[in-house]
Structures are given as C-alpha cells and as structure tokens.
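Work through the exercises below with the structure open. Each task is followed by a solution in steps.

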Amino acid sequence: MKKLLFALFIAGGLCSCTDDADPTTGEIYGVVTVKETAEPMRATGVELFHQHQLLLKTVTYDDGHYEFKDLESGSYTLKVVAAGYANVLYDVEVQPGRTARADMQLQRLNTYLTVRTLNATDVSGNSAKLNGEFSEPSNYRASVVGFVYSTSPTPANGGQTITSAKNHSFSSVISGLQKGKYYYQAFAKNQIGTEYGEVLSFEINGMPSVTTLDATNVSTSTATLNGLIDYEGSPAYTERGFVYSAYYPNPSIDDPASATAKVVVSGKSKEFSANIADLTENTTYYVRAYAIGDEVVYGQTILFKATDFLPYIIIDNLAIQTVDLSSGTIHSAAESLCKQSRVGGFTDWRLPTIGELSLMHANKDIISGLSEGEYWSVTQGFSFSVYYTINFATGNTTTRSHNETYRVRAVRTIN
C-alpha cells in the first residue's frame with residue numbers, strides 16, 4: 001500500500017468478517033484521528049475511489065470511525081479532506097470475506113494564528129460573557145473570530161458557535177443557558193484553517209438574576225422603586241422585592257430593620273415596582289432589588305435623593321437625562337441601559353441619534369454631569385458593527401466598533 005501526502009497510521013491489516021457476512025465481498029473499516037493529539041475526528045468526510053472514480057462517501061462517527069461495506073474485491077483509494085488539515089490519500093486492497101483496517105491520522109496545517117481563551121465574566125442567571133484574544137501576521141489575517149461552547153469537554157467537536165467583532169481582544173455574550181457546567185474555546189479562522197485556544201469552563205448555578213432599575217416619581221418624601229427579573233432561576237425564585245437604606249451603601253435583607261427597610265413585591269411579572277413613603281427630605285437612599293432562590297441574589301446598588309430635583313432637562317423637545325447611565329460600556333449594553341431606564345416614570349428612554357448628540361454637545365454648558373469623553377449614539381456607521389460617537393471635549397464625530405466602550409446618556413422625545 002502506498003501513502004500519499006502526510007503519513008498515515010495503519011493499525012492492523014485484514015480481519016475475518018462476521019459469520020453472516022457475504023463471503024464474496026469485503027469491507028473497509030478505520031478510525032480518523034488528529035496526528036498531534038490522537039483526538040478522534042468526528043463528522044469528517046471520507047471518500048472512496050475505485051479505478052479513479054468516486055464510488056462512495058461517508059462521514060466519521062463521534063468516535064472517529066468510518067466504514068464501507070459490500071465492496072467488490074480490488075484496489076481502492078481513500079481520501080480525507082478537512083479544513084485546516086493536510087489532505088490524505090491512502091490505497092487499500094479489499095479481499096472477499098475480509099475487512100481491511102485503515103486508520104488514518106490528519107496533520108494540522110499551520111495557520112500562523114495565536115489564540116487564547118480567557119476567563120468568562122458576568123456569569124449570572126442564564127448568561128455569561130466569553131472572552132478571548134488572538135494575534136495574526138500581516139499576510140495571514142483572520143477572517144472570523146469567536147467561540148465554540150458546549151456541555152461536552154470538547155466544544156470544538158459539535159459545540160455551538162458564536163462569532164465576535166474581529167478585534168484582537170474580543171468578547172461575546174451567550175444567554176438562554178441551562179443549569180450545569182459549560183466548556184468553551186476561543187477561535188480565529190483564516191484562509192488556511194481554524195486555530196483554537198485552550199478549553200475553559202464556567203458553571204451556571206441556576207440562581208435567579210435581578211437588576212435594580214432607576215427610582216422614579218421621586219419627591220421630598222416618596223419614591224417608586226423599580227426592578228427587573230432577568231432570569232427566574234432553576235428552580236424559580238420564591239420571593240422578590242427591594243431593600244433600601246440611608247445608612248448602608250449596599251443594603252441587604254440581613255441588615256437591622258432600624259437601618260434598612262425591606263419591601264416584598266408579589267406577582268411573577270418580569271418588571272416589578274414598589275411605592276415607598278416616609279422618606280426624609282434631602283436624604284440620599286441606597287436601593288437594591290433582590291430575589292430569593294436557594295440563596296439571596298441582589299441587583300446593583302442605585303441611589304436617589306428625596307428631593308424635588310428633576311433628573312432630566314428639556315431642550316428642543318428632547319428630554320436629556322442629567323446623569324450618565326454608564327461611564328463606559330459596549331454599544332449593545334448602552335442601548336439596553338437606556339431602554340431599562342425608568343427616570344421620571346417614563347419607559348421610552350433611548351440612545352440619542354448623532355444629530356441629538358450634536359445638540360447635546362452644543363448645550364453641554366447647561367446639561368449637568370457631561371464628561372469630556374466620547375458618548376455613544378444610536379446612528380450606525382458604514383457597517384452593521386460600527387456606530388457614531390461624539391467626543392465632548394473636542395466635538396469630533398467618529399465611528400467606533402460596537403465592542404468598544406464609551407459613555408452613555410439617555411434621551412427621549414417630548415411629544
């Protein structure tokens with residue numbers, strides 16, 4: 001038998017067929033593995049040629065094995081082609097009543113890419129943020145980067161794929177996850193093949209996830225507290241509500257009642273609210289939404305002051321909040337923060353257009369709290385992944401990748 005291109009490992013030779021096999025025909029059986037790691041190649045195409053004509057096709061199973069049955073005796077050629085691996089050809093002789101064993105190893109091609117899988121962050125509820133980084137030489141640029149993830153320890157074999165913006169440091173948020181352990185790998189792909197980073201893991205513990213929204217209807221003695229259940233938990237939460245305090249920056253249900261008030265909110269709606277009274281004028285209050293599953297989980301702490309201060313200003317029929325929602329976040333998170341805002345009791349807060357952002361810059365001296373950094377707009381740039389920003393120090397308009405982080409200020413149209 002002759003070996004073409006890259007070396008193949010042939011384990012065994014010919015073996016007897018089972019008693020009920022056709023004694024006039026033969027079979028071919030083999031396992032396809034990665035040469036460097038001996039890892040089985042699943043769902044890899046194997047082609048069978050006879051007299052230089054394609055006769056049959058099959059794919060490998062999860063354990064990497066393939067087989068061809070009921071073959072006439074004679075000489076055959078096997079061909080394996082897989083992206084990122086050197087092609088393999090192998091000649092095999094089939095004899096009547098026998099099984100020819102042909103185990104083949106595929107050698108990875110050098111992509112010249114270096115990929116690292118980084119630790120997952122923001123793992124809560126049923127979602128997680130995957131992180132990775134890569135480097136590339138100028139003549140072997142990556143065309144796609146992203147992650148593969150699975151409940152299997154080998155996510156590159158059949159796991160789900162999510163792509164990211166092609167930055168050397170990149171991230172993707174995955175959601176809708178079930179309770180359990182997940183494995184993931186960062187990857188980058190160029191014209192030669194795909195390079196993977198190491199396998200890392202994170203665990204979804206089934207705990208509920210809750211967000212504290214802005215307080216609304218704030219006066220000198222009353223306010224409306226607002227929260228959002230991002231994920232009910234598995235099993236679902238049994239209680240939800242708010243804790244607020246004028247003394248503790250991160251109030252909890254375990255604080256003494258003399259220092260922290262607890263408000264339980266009934267129902268199962270995703271958004272929930274509670275009206276509170278007997279506040280002390282000109283006092284700052286700290287608020288956290290909470291939900292109880294196997295343990296108590298809290299949203300982030302927000303604060304408000306019991307005063308008649310209006311938390312937005314109106315310019316040319318545009319209401320502009322007087323406090324940034326974030327000092328720096330990616331574009332999708334910026335849009336989400338604006339949509340979740342309930343300042344003034346309104347539910348239609350949004351990111352400004354580039355024109356509205358220009359209006360804000362022109363009036364920055366009368367709008368409180370504006371930074372000299374860049375602010376996101378909702379206006380898309382020359383592709384789906386870039387958006388316009390304005391630098392409030394210089395007034396310059398720029399397009400930025402959606403995965404970069406910039407400041408967020410919410411607006412709404414006054415009808």
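## Exercise 1: A three-stranded sheet

Ile315 stands opposite Leu318 in S28. The model is a predicted one.

**Task.** Find the order of the strands in the sheet of 3 that contains S28, and say which strands stand at its edges.

**Solution.**
- Step 1. Take the pair S27 and S28 (residues 318-321). They pair in the antiparallel sense, over 4 bridges.
- Step 2. Extend to the whole sheet. The order is S27-S28-S34, the pairing is antiparallel, and the sheet is open.
- Step 3. Find the edges. S27 (312-315) and S34 (411-413) each have a single partner strand, so one side of each lacks a neighbour in the sheet.
- Step 4. Add the twist. Neighbouring strands here are turned by 25° against each other on average, with direction ignored.
- Step 5. Place the helix. H2 (residues 354-362) lies across S27, S28 and S34. Its angle to S28 is about 70°.

## Exercise 2: The buried side of H1

**Task.** Why do the buried residues of H1 count as lying on the same side of the helix?

**Solution.**
- Step 1. List the buried residues. In H1 (residues 331-340) they are His331, Ala334 and Cys338.
- Step 2. Check their directions. They cover an arc of only 55° around the axis, which puts them on the same side of H1.
- Step 3. Look at what they meet. The buried residues of H1 pack against four strands by name: S29 (326-329), S30 (374-380), S31 (386-391) and S33 (406-408).

## Exercise 3: Two loop residues

**Task.** Are Phe346 and Ser252 buried, partly exposed or exposed?

**Solution.**
- Step 1. Locate Phe346. It sits in the loop between H1 and H2.
- Step 2. Classify Phe346. Its relative accessibility is 27%, so it counts as partly exposed.
- Step 3. List its contacts. Leaving aside neighbours within four places in sequence, Phe346 touches Tyr312, Ser341 and Arg412.
- Step 4. Locate Ser252. Its loop runs between S21 (239-245) and S22 (260-264).
- Step 5. Classify Ser252. Its relative accessibility is 13%, and the cut-off for buried is under 20%, so Ser252 counts as buried.
- Step 6. List its contacts under the same sequence exclusion. Ser252 meets Val243, Thr260, Arg288 and Tyr298.

## Exercise 4: Alternation along S23

**Task.** Which side chains of S23 point to the buried face, and how is S23 joined to S20?

**Solution.**
- Step 1. Recall the rule. Side chains of a regular strand alternate between the two faces of the sheet.
- Step 2. Apply it to S23 (residues 271-276). Phe272, Ala274 and Ile276 point to one face and are buried. Glu271, Ser273 and Asn275 point to the other and are not buried.
- Step 3. Find the partner strand. S20 (residues 223-231) runs antiparallel to S23, with 6 bridges between them.
- Step 4. Fix the register. Ile276 in S23 is the bridge partner of Ala223.

## Exercise 5: Backbone exceptions

**Task.** Where is the cis peptide bond between Ser234 and Pro235, and where do Ala43 and Asp70, with positive phi, lie?

**Solution.**
- Step 1. Read omega. It is about 5° for the bond joining Ser234 and Pro235, a cis peptide bond. Pro235 belongs to the loop between S20 and S21.
- Step 2. Take Ala43. Its phi is near 55°, a positive value in a residue other than glycine. Ala43 lies in the loop between S3 (26-34) and S4 (45-50).
- Step 3. Take Asp70. Its phi is also positive, about 55°, although it is not a glycine. Asp70 lies in strand S6 (residues 65-71).
- Step 4. Check exposure. Ala43 counts as exposed at 60% relative accessibility. Asp70 counts as exposed at 60% too.

## Exercise 6: The whole chain

**Task.** Why is the protein chain called more spread out than a compact globule?

**Solution.**
- Step 1. Count the elements. The chain has 2 helices and 34 strands.
- Step 2. Compare radii. The radius of gyration is 30 Å, well over the 22 Å from the globule rule for 415 residues, so the chain is more spread out than a compact globule.
- Step 3. Check the box. Along the principal axes, the C-alpha atoms fill roughly 95 × 50 × 35 Å.
- Step 4. Add burial. Buried residues make up 42% of the 415 residues.

Conventions:
Residues numbered from 1 in each chain as written. Predicted model: local features only at pLDDT ≥ 70, side-chain atom pairs only at ≥ 80, totals over all residues. Heavy atoms only, no water. Buried < 20%, exposed > 50% of the residue type's maximum accessible area, 1.4 Å probe, protein only. Arc of directions from axis to C-beta. Contact = heavy atoms within 4.5 Å. Pairing = 2+ DSSP bridges. Axes fitted to C-alpha atoms, helices over the stretch in contact; angles between N-to-C directions. Rg over C-alpha atoms; globule rule 2.2 N^0.38 Å.
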